[in-house]
Amino acid sequence: MSAATASAPSDQQPAGLSMAQIEQVRTQLQSDIEMLQSSIQRLQYAQEGFGESMLAVSRLPTNNQDNSLLVPLSSSMYVPGRLSDPDHVLVDVGTGFFIEMRPKKAQDYFKRKHDYIQVEIDKLQKVLYDKLLTRQQINGIIQMHLQQQQQQQQQQK
């Protein structure tokens, strides 16, 4: 998208663009907006998972007396389990790799991931906001053009 399109005031048509081209820009903007919203949603879901993992590690029993606990399989399904070594946990770091960590280190890992995702969400939300503003300007241009066409038709009658 050209800079003229992104910053065009709503009272004039972007230089050199026909209505068909403006419609194409609007369609592309809509597609970009939907993709950004979907990406933000997926990141928020992943961030929620890291938050839940951080919470689960913080709730591990620290004594060696009763090491039974409920192991989360999903956000709503748990199975009974037994912790053989409360001083170490296995952390899934992606693509099927697990690393043994102390619970405090695992919590720090999950917090870093959670915070990193928040930074990325913030970046995407800024881009989304800019795209929404641009779409609003494009819609204003289209609306103005339609009003001009209606006025021309009324004058011809």
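In this predicted model, the lining of the largest pocket comprises, by class, 22 nonpolar, six polar and six charged residues. The space in this pocket amounts to about 1,100 Å³. Of the 34 residues that line the largest pocket, E52, S53, A56, V71 and P72 are the closest to its centre. Two or more lining residues are contributed by each of the helices α2 (19-58) and α3 (103-156) and by each of the strands β1 (68-72), β2 (78-82) and β3 (89-94). Among these elements, α2 gives the most to the lining, with 10 residues.

V71, listed among the residues closest to the centre of the largest pocket, also belongs to a nonpolar patch on the surface, which V71 forms together with L73 and M77. The accessible area of these three residues together is about 270 Å². Within the patch, L73 is placed in the loop between β1 and β2, and its relative accessible area of 54% lies over the 50% limit, so L73 is classed as exposed.

A search of the whole structure for salt bridges returns six, of which three are described here, beginning with a pair in α2. The side chains of E23 and R26 meet in a salt bridge with an N to O distance of 3.0 Å; both residues lie in helix α2, where they are three residues apart, about one turn of the helix. Both partners are partly exposed, E23 having a relative accessibility of 28% and R26 a relative accessible area of 29%.

Two further salt bridges involve residues of helix α3. In one of them, K123 is paired with E120, and the closest N and O atoms are 3.4 Å apart. Because K123 and E120 are three residues apart in helix α3, about one helical turn separates them. E120 is partly exposed, since its relative accessible area of 22% falls between the limits of 20% and 50%. In the other, K126 forms a salt bridge with D130, with 3.2 Å between the closest N and O atoms. Here the spacing along helix α3 is four residues, again about one turn of the helix. The two partners of this bridge fall into separate accessibility classes: K126, at 53% relative accessibility, counts as exposed, whereas D130, at 34%, counts as partly exposed.

Two loop residues outside these pairs were also examined. L60 is located in the loop between α2 and β1, and with a relative accessibility of 19%, which is under the 20% limit, L60 is therefore counted as buried. The C-alpha atom of L60 is separated by 8.2 Å from that of P103, although these residues are 43 residues apart along the chain. P103 stands at the start of the range assigned to α3 (103-156).

T95, by contrast, is found in the loop between β3 and β4 (97-101) and is exposed, with a relative accessible area of 75%. The backbone of T95 has a phi near 45°, a positive value in a residue other than glycine. Most residues other than glycine have a negative phi.

How values were computed: Residues numbered from 1 in each chain as written. Predicted model: local features only at pLDDT ≥ 70, side-chain atom pairs only at ≥ 80, totals over all residues. Heavy atoms only, no water. 1 Å grid on protein atoms, 1.4 Å probe; cavity = no way out; pocket = protein on both sides within 12 Å on 5 of 7 lines; lining within 4 Å. Points joined across faces, edges and corners; volume = space filled by probe spheres on them. Nonpolar A, V, L, I, M, F, W, Y, C, P; charged D, E, K, R; others polar. Patch = residues over 30% accessible without salt bridge, like charges linked within 9 Å, V, L, I, M, F, W, Y side chains within 5 Å. Areas by Shrake-Rupley, 256 points an atom, 1.4 Å probe, with all protein chains shown as cover. Salt bridge = Lys/Arg side-chain N within 4 Å of Asp/Glu carboxyl O. Buried < 20%, exposed > 50% of the residue type's maximum accessible area, 1.4 Å probe, protein only.
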